[in-house]
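Please open the model in your viewer and keep the selection panel at hand. The tour below moves from one selection to the next and says what is found at each stop.

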Amino acid sequence: MKALTTTPPGHDVILYDGHCRLCRGAAKQFERLLGSSGTELRSFRDEGVLAAFPGVQPDRCEKAMQLVQGDGRVFEGAEAVVQALGRRPLGKLLFVYYVPGLRQVADWLYGLIARYRFRIAGRTCSDGACAVHFK
């Protein structure tokens, strides 16, 4: 499978679901953990955000957080978490994700939580658009 790439932003950008309370909370934790690393966090639902990253499709963003690295490489889901936090102190411990078997479990668990995120934590949009995404 070919790795997904997009226009290089020059710095890491995490794309998350700004309508999801769970995702918004995770984004705040990422801000705290990443500190002054230069990583930008943006809701993929904000106007014009995905236009800056051709090839990153909304349906993929609906299923998982996307990490666009400075060089344009894109990681998603649990792997995006590992790649984003892996450069921090103690973050190297997250690379246990790549141990055969653990990766599959982590991806499955991430996918399960992502699929039911609105039921788990609720929605935050006020314009009624969240009803479309509630599955």
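## Salt bridges, pocket and a covered helix

In this predicted model, the count of salt bridges comes to ten. Begin by selecting Asp-17 and Arg-45, which form one of these salt bridges, with their closest N and O atoms 2.5 Å apart. Asp-17 sits in the loop between strand S1 (13–16) and helix H1 (21–34), while Arg-45 sits in the loop between strand S2 (40–43) and helix H2 (58–63), so the pair ties together parts that are 28 residues apart in sequence. Is Asp-17 buried or exposed? Asp-17 has a relative accessible area of 3% and is buried, because the cut-off for a buried residue is under 20%.

Next, select Glu-76 and Arg-60, whose side chains meet in a salt bridge with an N to O distance of 2.7 Å. This pair links distant parts of the chain, since Glu-76 belongs to strand S4 (residues 74–76) and Arg-60 to helix H2, 16 residues apart. Glu-76 counts as partly exposed at 30% relative accessibility, and Arg-60 is likewise partly exposed, with a relative accessible area of 32%.

Then move to Arg-103 and Glu-79, where the side chains meet in a salt bridge at 2.9 Å, N to O. Arg-103 lies in helix H4 (residues 102–115) and Glu-79 in helix H3 (residues 77–85), so this pair ties together parts that are 24 residues apart in sequence. Arg-103 is partly exposed, with a relative accessible area of 28%, whereas Glu-79 is buried, with a relative accessible area of 15%. To see salt bridges that share partners, select Asp-17, Arg-45, Glu-62 and Arg-117 together, which are joined in this way into one network.

Keep Glu-79 in view and extend the selection to the whole of H3. How many of the nine residues of H3 are buried? Eight of them are, and the helix is mostly covered; the buried residues are Gly-77, Ala-78, Glu-79, Ala-80, Val-82, Gln-83, Ala-84 and Leu-85. If S1, H1, strand S3 (66–68), S4 and H4 are now added to the display, the elements against which the buried residues of H3 pack are in view.

The next stop is the largest pocket, which has a volume of about 380 Å³. Of the 22 residues that line this pocket, select Leu-22, Cys-23, Ala-26, Met-65 and Tyr-110, which are the closest to its centre. Colouring by element is useful here, as S1, H1, H2, H3 and H4 are the elements that give two or more residues to the lining. Which element supplies the largest share of the lining? That element is H1, with five residues. By residue class, the lining of the largest pocket divides into 18 nonpolar residues, no polar ones and four charged ones.

Finally, zoom out to the whole protein chain, which has six helices and four strands, arranged along the sequence in the pattern β-α-β-α-β-β-α-α-α-α. Buried residues make up 39% of the 135 residues in the chain. Among contacts between residues at least 6 apart in sequence, 62% join residues at least 24 apart. With a surface representation switched on, the accessible surface of the chain comes to about 8100 Å², and 58% of this area belongs to carbon and sulfur atoms.

Definitions and conventions
Residues are numbered from 1 along each chain as its sequence is written. This is a predicted model: local features need pLDDT of at least 70, side-chain atom pairs count only at pLDDT 80 or more; totals for chains, interfaces and linings use all residues. Side-chain values use heavy atoms; hydrogens and water are left out. Buried means under 20% relative accessible area, exposed over 50%, partly exposed in between (1.4 Å probe, protein chains only). Contact means heavy atoms within 4.5 Å. Accessible areas come from the Shrake-Rupley method with a 1.4 Å probe; for residues, only the protein chains shown count as cover. A salt bridge is a side-chain nitrogen of Lys or Arg within 4 Å of a carboxyl oxygen of Asp or Glu. On a 1 Å grid over the protein atoms alone, a cavity is a set of points where a 1.4 Å probe fits but cannot get out, and a pocket is an open set with protein on both sides within 12 Å along at least five of seven lines; lining residues have an atom within 4 Å of a point. Grid points are joined across faces, edges and corners, and a volume is the space filled by probe spheres set on the points. Ala, Val, Leu, Ile, Met, Phe, Trp, Tyr, Cys and Pro count as nonpolar, Asp, Glu, Lys and Arg as charged, and the others, Gly among them, as polar.
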